[in-house]
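Biologist: Let's go through this model step by step. I will ask for reasons, and you give them.

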Amino acid sequence: MGIHGLSKLIADESPSAIKQSDMKSYFGRKIAIDASMSLYQFLIAVRSEGHQLTSVDGETTSHLMGTFYRTIRLIENGIKPVYVFDGKPPEMKSGELEKRAERREEAQKNLTQAEETGNLVEVDKFSRRLVKVNKKHVDECKELLNLMGIPFIEAPCEAEAQCAAMVKAGIVYGTATEDMDSLTFGSPVVIRHLTFSETRRIPVQEYNFNKVLNGLELTQDEVIVFKNIIGKCFIDLCILLGCDYCDSIKGIGPKRAFELIKQYRSITKILENIDTSKYTVPENWLYEKAKQLFVEPEIQDPKTIELKWCEPDEEGLVKFLCGDRQFNEERVRSGSKKLSKARTGTTQVRLDSFFKILPSQTNNNKRKQKDITNSIGTLILVD
């Protein structure tokens with residue numbers, strides 16, 4: 001679910017924090033990808049005549065089709081992806097998971113009714129609402145990534161938290177996900193639409209966390225900063241907007257939540273000043289515990305993580321994807337060769353890995369830097 005209304009709030013109040021680009025602009029970058037979110041997207045989007053792709057025995061293969069070809073596309077654009085899977089959900093997320101189960105139950109009732117009336121539009125809509133990533137999907141995707149030579153990590157808890165920690169540690173450049181709570185976990189860079197931007201013809205959006213805080217004016221001296229990254233005000237704002245770990249105050253929408261945070265700087269102060277007859281505060285509201293989950297999430301120490309992109313197993317891929325899963329063998333072999341070529345062939349190096357403009361540089365120095373870059377052109381190194 002992420003954080004309700006956060007992307008629109010940032011777009012309205014801190015537009016300079018969002019940079020639009022395309023997949024090619026991440027050439028040479030290592031990107032941590034929220035695997036569960038990607039699988040969910042593929043299960044919804046990769047369809048034939050309105051239905052998920054399946055094997056000869058009726059097992060879903062949309063997630064494998066999406067993962068295989070989209071990963072190849074990322075690699076062809078010079079991106080080094082690492083998929084991060086969710087571990088066990090935190091106990092405080094149980095309420096949100098129960099709500100999701102209720103929504104699926106309601107969607108199932110609506111689907112049955114739509115099927116009885118023959119309303120194909122409604123059938124498609126409610127079928128998509130019933131999509132859920134299960135353990136079989138995850139296990140199959142991990143096996144596929146192994147055969148492709150692509151690294152993956154299973155987080156001890158939330159994948160977004162693990163991705164954020166990896167970005168902060170400098171292991172990867174950014175977090176690729178659609179859930180805005182990656183910012184709440186403090187990921188310095190969050191990249192949205194990366195895994196489906198080309199198919200839907202929409203730009204990739206990159207959120208810069210520091211610019212988000214600056215634009216929202218949540219970085220003044222009075223803000224307490226946890227681990228020199230996450231502003232307390234920002235976490236409180238996200239909880240007010242609505243997160244996965246606790247309910248929010250009824251009657252307070254995104255605009256009002258932002259106004260209250262700017263005025264009172266914390267949920268504690270807000271509770272001391274709002275009219276509780278007008279706004280309904282959840283009983284036994286566990287917002288402090290929710291905040292702690294964002295501040296100190298359960299993660300694997302990034303220092304212990306070793307990322308390695310290996311040679312794909314072409315025969316293994318053919319055996320795994322073709323046959324009962326009905327992938328085209330010629331295309332699978334072609335995809336494997338593309339992976340191998342991207343790994344062993346020549347690779348362009350990002351120029352910004354060679355040059356770094358210091359804040360104190362004058363405009364003249366910057367122009368000289370640009371002239372040097374232009375004169376060099378494209379650098380080629382053999383991997």
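Modeller: Let's start with one pair of residues. Ile31 stands opposite Pro81 in S5. Keep in mind that this is a predicted model.

Biologist: What makes S2 and S5 a pair of strands?

Modeller: Strand S2 covers residues 30-34, and 5 bridges join S2 to S5. Pairing needs at least two bridges, so S2 and S5 count as paired. The two strands run parallel.

Biologist: What makes S5 and S6 a pair?

Modeller: The test is again at least two bridges. S5 and strand S6, residues 152-154, share 3 bridges, so they pass. Their sense is parallel. Across this pairing, Phe85 stands opposite Glu154 in S6.

Biologist: Why is S5 called mostly covered?

Modeller: Strand S5 spans residues 80-85, and 5 of its 6 residues are buried. Buried means under 20% relative accessible area.

Biologist: Now to charges. How do you know that Lys291 and Asp236 form a salt bridge?

Modeller: The closest N and O atoms of Lys291 and Asp236 are 3.0 Å apart. The cut-off is within 4 Å, so the pair counts as a salt bridge. This pair links distant parts of the chain. Lys291 is in helix H14, residues 287-295, and Asp236 is in helix H11, residues 232-241. They are 55 residues apart. In total, the structure holds 19 salt bridges.

Biologist: Why is Lys291 called buried or exposed?

Modeller: Lys291 has a relative accessible area of 5%. That is under 20%, so Lys291 is buried. Asp236 is at 0%, so Asp236 is buried as well.

Biologist: What makes Glu288 and Lys291 a salt bridge?

Modeller: Their closest N and O atoms are 3.8 Å apart. That is within 4 Å, so the pair counts. Both residues lie in helix H14. They sit 3 residues apart, about one turn of the helix.

Biologist: Why does Glu288 count as partly exposed?

Modeller: Glu288 has 41% relative accessibility. Buried ends at 20% and exposed begins over 50%, so Glu288 falls in between.

Biologist: How do you know that Arg333 and Glu314 form a salt bridge?

Modeller: Their closest N and O atoms are 2.9 Å apart. The limit is 4 Å, so this is a salt bridge. The pair links distant parts of the chain, 19 residues apart. Arg333 is in helix H16, residues 329-344, and Glu314 is in helix H15, residues 314-321. Both residues belong to a network of salt bridges that links Glu314, Glu315, Glu329, Arg333 and Lys337.

Biologist: Why is Arg333 called partly exposed?

Modeller: Arg333 is at 21% relative accessibility. Buried requires under 20%, so Arg333 counts as partly exposed.

Biologist: On to the backbone. What makes the phi of Glu217 worth a look?

Modeller: Phi of Glu217 is near 55°, a positive value in a residue other than glycine. Glu217 lies in the loop between helix H10 and strand S10. Its relative accessible area is 40%, between the two cut-offs of 20% and 50%, so Glu217 is partly exposed.

Biologist: What is the phi of Arg265, and why does Arg265 count as buried?

Modeller: Arg265 has a positive phi of about 70°, although it is not a glycine. Its place is in the loop between helix H12 and helix H13. Arg265 has 16% relative accessibility, which is under 20%, so it counts as buried.

Technical notes. Residues numbered from 1 in each chain as written. Predicted model: local features only at pLDDT ≥ 70, side-chain atom pairs only at ≥ 80, totals over all residues. Heavy atoms only, no water. Buried < 20%, exposed > 50% of the residue type's maximum accessible area, 1.4 Å probe, protein only. Helix = DSSP H or I, 4+ residues; strand = E, 2+ residues; numbered from the N terminus. Salt bridge = Lys/Arg side-chain N within 4 Å of Asp/Glu carboxyl O.
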